Amino acid sequence: MKRLCVICCALITALSACTSQNANVAEPVREASREFVFTVTIINNTFFDIEILDASRSVPALDKKDISLPKQLNELTEGYAINYRVKLAEGVWRTIPGDTAIVIKPDQKSAVIENPAFTENESFIVLRNDSGQTVRLKRSGSSAYRNNLDRDGRGPGSRPELAPGSTNVYLSVTGTNSFSLETDQGKNAALPAGSFSPGWIYGFTFDGSRVLLTDARPLHNAGETTWHRAIEGNYPPVFTEDENRNIFLIASTDAGEQFFALDAAGKELQKKFSARNSGAPVSITGLCKMPGGSLLVTGYEGIDGDFTPLLQKRTHDNVLVWESSSFKAKDRNYISLLAAARKDEATWAAAGGASAGGALDRDRPYIREIKDRGGMSELSWELGPSDIKKDAWEIIRSIAYNSGSGTYIITGSNYEAPEFTGNQEQSSFVAFINMEGKLQPRDFSLPGCAINQVVCDTEGAFYLCLQEQRDGKAYAAVFKYSAEGKRVTQWQQSRQLKQHAYYQCALVDEEFGQIVLGGVLNARNEYGESGKPFIQGLDKKTGEEIWFEELDSVSEGLNLVTGLQKAENYGFLLTLCAVRENSYAGPYIIARLNARAKTVNHKAY
């Protein structure tokens with residue numbers, strides 16, 4: 001027994017020595033492990049919280065943070081997985097893996113995450129209940145209610161009920177919308193007609209009687225805010241947007257032009273002033289996006305007392321590439337271009353007017369078609385006053401290419417009626433020009449109307465947005481025509497009260513089956529003074545109002561929507577201004593709004 005105790009003591013002593021020896025070498029091992037990690041500053045310029053490798057290495061949205069990463073010794077497998085935490089609604093998030101790993105070298109001091117890159121095949125409904133009733137979501141024709149998503153945006157939650165004042169998130173079904181709400185009183189309200197696309201999030205509100213779409217955007221753009229920015233100039237700016245969501249504007253001044261480039265969030269990327277001809281007045285009337293990121297510019301400038309037309313191709317940073325010249329109406333001292341339309345990738349038509357000048361002369365119609373040949377332009381054809389030979393027609397104010405009929409549609413003012421609203425006349429003409437530059441014998445006039453824009457849909461129908469005068473009052477109206485020029489129907493702004501109104505601009509939104517219009521409502525006079533700027537969506541087949549939004553809350557002192565475009569990815573870009581002393585006046589504003597022209601956490605620059 002005594003021998004056994006001695007042996008045990010020896011073993012314990014030996015084990016203690018081993019433990020002590022291992023403890024002595026543990027610290028060098030930890031020191032060595034530091035050689036296999038590095039620290040880098042992650043700059044997150046997205047609207048999402050992101051995770052590099054795992055949740056312990058998270059970086060908040062629009063923020064930066066130092067994180068530690070393990071070094072990767074095998075260059076064939078280098079790159080770090082990135083996850084995006086997408087906020088679907090308050091308290092509901094969905095973590096989505098990025099499509100590709102981000103490569104970060106150990107010697108880098110920082111890495112920037114600019115654009116989210118992930119794929120999501122599901123679509124989502126965010127439903128807010130603004131009624132006093134509890135509601136449940138279900139597929140139309142089904143008795144089964146859908147449960148809300150849980151907080152991680154993955155599995156279904158435990159409740160189908162949506163209480164008053166609450167918001168739930170649901171998985172939708174890609175394709176045609178067939179959902180409806182059932183109230184606790186057994187009544188049903190269908191979600192607006194439309195379809196759900198994978199990777200999109202759709203916002204709806206139930207007001208007690210109907211369900212309204214309030215937002216629709218790709219998940220990549222979840223969390224983005226709306227914004228507006230004041231633009232310096234003497235007239236409303238013209239603008240366009242490229243495929244990368246960069247926005248370009250030109251504002252005319254008495255001494256030249258002001259060029260701006262903005263990013264999708266409204267931040268200024270570039271600004272430069274260009275004086276033209278030693279301070280001669282310039283008016284830029286149109287700005288169109290061309291293939292390859294170039295810009296087509298139309299307008300006119302004053303030179304030696306004359307008006308000289310501007311028809312130019314410029315780079316995205318406003319450097320001249322070519323200028324179309326040698327205008328056929330050279331015997332006319334005043335030539336101005338007010339609008340342009342694109343036929344295909346390389347073919348454009350620009351239209352306006354030509355005048356000999358003097359108190360007794362009038363602007364007559366002028367139009368030319370050109371082809372972009374890269375570094376130069378090529379004239380296809382042009383029509384001047386001596387070609388058109390319509391004594392009553394004056395300047396062309398709007399032009400569109402109709403792919404359904406293969407013609408350009410031009411609209412303008414007639415001289416046969418007295419002046420109506422400054423730059424708008426009481427009578428207007430509509431005409432058609434074929435691809436050979438020949439005027440078609442089916443033009444017509446609209447007495448008592450001032451057409452502000454013509455737009456076409458993919459089926460060949462075209463729409464005239466205008467101001468119609470009846471009984472001493474100006475009305476906002478839309479006339480719809482078939483491709484052959486036969487009037488199909490007409491719609492009037494239903495919210496107009498006793499005051500004046502008109503539509504100034506329009507676009508056809510095929511994605512949502514609507515025509516979107518902007519203008520002024522309930523103004524003190526036909527010019528738009530003291531009125532409210534608005535934007536409105538009408539069903540392009542029935543004319544029924546889908547949505548409506550007044551925009552005077554965007555910024556103080558605004559009366560009129562002067563320009564409107566559908567923005568890349570989702571929502572709208574639009575320009576607004578005041579109306580004073582029967583003409584445009586500042587402030588001049590460009591704004592980005594959501595798919596229903598609403599402000600979301602709006603930011604002012």
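In the predicted model, a salt bridge joins the side chains of Arg217 and Asp215, with an N to O distance of 2.9 Å. Arg217 has a relative accessibility of 4% and therefore counts as buried. Asp215, at 16% relative accessibility, also falls under the 20% limit and so counts as buried. Elsewhere, Asp457, Glu459, Glu510 and Lys540 are joined into one network by salt bridges that share partners. In total, the structure holds 28 salt bridges.

A further salt bridge is formed by the side chains of Lys138 and Glu182, at 2.9 Å from N to O. This pair connects distant parts of the chain, since the two residues are 44 residues apart. Lys138 belongs to strand E9, which covers residues 135–139, and Glu182 belongs to strand E13, which covers residues 179–183. Lys138 and Glu182 are both buried.

The side chains of Arg57 and Asp54 also meet in a salt bridge, with 3.0 Å between N and O. Asp54 has a relative accessibility of 30%, which lies between the limits of 20% for buried and 50% for exposed residues, and Asp54 therefore counts as partly exposed.

Four strands form an open sheet in the order E31-E32-E35-E36, and their pairing is antiparallel. The edges of this sheet are strand E31 (393–402) and strand E36 (444–446), each of which pairs on one side only. On average, neighbouring strands of the sheet are turned by 25° against each other, with direction ignored. In general, the strands of a sheet pair through backbone hydrogen bonds, in either a parallel or an antiparallel manner. Between E31 and strand E32 (residues 407–414), which run antiparallel, there are seven bridges. Within this part of the sheet, Ile399 is placed opposite Ile410 of E32.

On the surface, Phe36, Val37 and Leu73 make up a nonpolar patch of about 320 Å². Phe36 is located in the loop that runs between helix H1 (2–33) and strand E1 (37–44). The relative accessibility of Phe36 is 43%, so this residue counts as partly exposed. The value for Phe36 is also over the 30% relative accessible area required of patch residues. Val37, another member of the patch, is the residue at which strand E1 (37–44) begins.

Notes: Residues are numbered from 1 along each chain as its sequence is written. This is a predicted model: local features need pLDDT of at least 70, side-chain atom pairs count only at pLDDT 80 or more; totals for chains, interfaces and linings use all residues. Side-chain values use heavy atoms; hydrogens and water are left out. Patches are made of residues with over 30% relative accessible area and no salt bridge: like charges are joined within 9 Å, nonpolar side chains (Val, Leu, Ile, Met, Phe, Trp, Tyr) within 5 Å. Accessible areas come from the Shrake-Rupley method with a 1.4 Å probe; for residues, only the protein chains shown count as cover. A salt bridge is a side-chain nitrogen of Lys or Arg within 4 Å of a carboxyl oxygen of Asp or Glu. Buried means under 20% relative accessible area, exposed over 50%, partly exposed in between (1.4 Å probe, protein chains only). Two strands pair if DSSP finds at least two bridges between them. Axes are lines fitted to C-alpha atoms, for helices over the stretch in contact, and angles run from 0 to 180 degrees between N-to-C directions.
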